Amino acid sequence: VERYLNNGLTSERSTLQPSSDHMYLSHLVMSSVMPRHSCISKHSVAEISSTNRPIIGIAQTGSDLSPCNSHHIQLAKRVRDGILANGGTPFEFPCHPIQESGKRPTASLDRNLAYLSLTEVLYGYPLDGVVLLTGCDKTTPALLMAVCTVNIPAIVMNVGPMLNGYAGKKLIGSGKVLWDSRLLLAEGKINRSQFMQAVALSAPSAGHCNTMGTASTMNALAEALGMALPGSAAIPAMYRERGACAYQTGWRIVDMVREDIKPSDILNRQAFENAIACNTVIGGSTNAPIHINAIAKHVGVQLDNGDWDRVGYELPLLLNVQPAGQYLCEEYYRAGGLPGKELERRWLITKAIIAELIKANKFPHPDAMTVSGKTVGEECKNEFTNDSRVILPFDQPLKQHAGFVNLKGNLFDSAIMKTSVISPQFHDRFLSSPSDPMAFEGVVAVFDGPEDYHRRIDVMEGITPETILIMRGAGPQGYPGAAEVVNMIPPAELVKQGIELPCIGDGRQSGTCGSPCILNASPEAATGGLLGYLKDGDVVRIDILRRKADVKLSAKQIEGRKEEMGLYRQNRMPPSQTPWQEIYRKEVGELSEGMVLKGAVKYQRVAQT
Ligand code: FES
Ligand code: MG
């Protein structure tokens, strides 16, 4: 209590009156010596409140509503043990749940809500440092954004991926199975109950998705940014080593408080460029630029989709994990180390991939700092893979030029495309013209949101193998939070002929989806983007080499459309269903800008360039 009242930093944060401070603090201390916390109860109140015992928050994202992260309820106990063993005092608290597969209209609507909520907790309570228990897609960026705003020592602890899914001997990856099975269902090759069974087989244990979807990506990038213990990202949730990692993370955050290592000491421009490079070599999610740009905005680093193209595009794909590759996260983990060696040796994983880049002199900034107190280069030195089927050598990659391209033109200022997932069939049909390679033109069919698409796709006239499908009204304001719906399946007739159509949209696509869509288009239709003024039959031209995306309409025709069709947000945007949706729509920015709350980024504790 004394410490809390006398500590300048904490009293500066608090607006409570001294009397309520006393009451609050005695509750806090009493609750921590209650028998429920058997480890804490070994320590006296005096010991707990000593200034030498940093108070460490454990930001708990697991709950019954968030099954991907629910194993954190067990892991937090090991985090606590690590904190106590190193002389800290742990306080676990709940975060707003964000379950990717459960929240409607979309989980990403709640990323900024969880960010706001955690920011208030970290600002308002007397915590010296925090362990961020991450996992399912948006939990990782939400928690990282909050520690950027508050800038207290923080470390990421991922829940870890689920165990591999199998159907017989065949690997079945979570998320990806959904897209593959939906095609089989559309083709009539499986029935609904077989569809459900395949999806269930892909998720055999606790943990986040076992593919390189947004969850695996964001946790690998948290590590590449330097915010998680090196080598920790891909340890499967159910492995013994995940518990050891939780303990070591708890131990380390106490030292970070003593060493005063804050997010602003780690998250500089170099760290973000490292994350972009890492995203390419692991075949990371198209949601990564949104979340990484958002984290950058909250810590005051300039970063945009042009940086993703410039730093990331040329690099190769080295990780052979679904959806871009073949294996799942258990192989990813095992490829990092040799069984029988000591624990540290097994924690290679992301280290082994970064080591490949460093050896090839292609890792942007090996000198960048990490939470361990060592640089990325020091952590990854000579940490090579023992399974080159899973982590490929730099000179024999799965694919060359595997990063994202950043397209622009009269259709939008920025949209990204993951060229590494372009199938040979798609390439041959759309991108192989000898006179104009990597460019195609098509007549568009336009859909206003996923409901409109589902209602009309199989009954509308005029969709041919040359059509480009357009999804609009699916951006941050249009479908609040931005829906993962741009990857559209063509009409069943075309699917049966094995035909895939190009898709363009102002929404997102699941990180587990291997479709070469042009997505995250900004500005979205709802804020005046030209996608909102397209009509069926317009001709769109995409030129990947020149990074161009245009509709063939003159300036005069475009003006005419705007007059005729009016503002998209007024005429075609569905109404908000909850108060948060309404507040969100007023405050949120474009996908290319990280979809952050515009008023929130000015609260960053540090300004960097
Ligand atoms: Fe939660 Fe994939 S649905 S990690
Ligand atoms: Mg998703």
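Which helices do the buried residues of α13 pack against? Some ground rules come before the answer.

## Ground rules

This is a predicted model, where local features need pLDDT of at least 70, side-chain atom pairs count only at pLDDT 80 or more, and totals for chains, interfaces and linings use all residues. Residues are numbered from 1 along each chain as its sequence is written, while chains are lettered from A and ligands numbered from 1 in the order in which they are written.

Helices (H or I, at least four residues) and strands (E, at least two) are DSSP runs, numbered from the N terminus. "Buried" is used for a residue with 20 or more other C-beta atoms within 10 Å of its own (exposed is 12 or fewer, partly exposed is in between), with C-beta atoms placed from the backbone.

## Helix α13

Back to the opening question: the buried residues of α13 pack against α10 (214–225), α12 (263–266), α14 (288–299), α15 (305–312), α18 (350–359) and α19 (376–380). Packing here goes by contacts, meaning C-beta atoms, placed from the backbone, within 7 Å. Of the 14 residues of α13, 12 are buried, so the helix is largely enclosed by the rest of the structure. Among the buried ones are Phe272, Glu273, Asn274 and Cys278.

α13 covers residues 269–282 and reaches 20 Å from its first C-alpha to its last, close to the 20 Å expected at 1.5 Å a residue (1.5 Å times one less than the number of residues). Right after α13 comes Gly283, with a positive phi near 70 degrees.

## Strand β3 and its neighbours

All six residues of β3 (129–134) are buried, so this strand, too, is largely enclosed by the rest of the structure. Both faces are covered, with Gly129, Val131 and Leu133 on one side and Val130, Leu132 and Thr134 on the other.

β3 pairs (DSSP has to find at least two bridges) in the parallel sense with β1 (residues 55–60) over four bridges, one partnership being Gly57 with Val130. β4 (residues 154–158) also runs parallel to β3, joined by five bridges, and Leu133 has Met157 as its bridge partner there. With helix α7 (residues 139–150) in the middle, β3 and β4 make a right-handed β-α-β unit.

## The nonpolar core

The largest nonpolar core (buried Ala, Val, Leu, Ile, Met, Phe, Trp, Tyr and Cys joined through C-beta atoms within 7 Å) has 170 residues. Val131, Leu132, Val147, Ile155 and Ile470 have the most contacts inside it. Leaving out residues up to four places away in sequence, Ile155 touches Val131, Leu132, Met227 and Val371, among others.

Conventions
Contact = placed C-beta atoms within 7 Å. Right-handed = clockwise from strand over helix to strand, strands pointing away.
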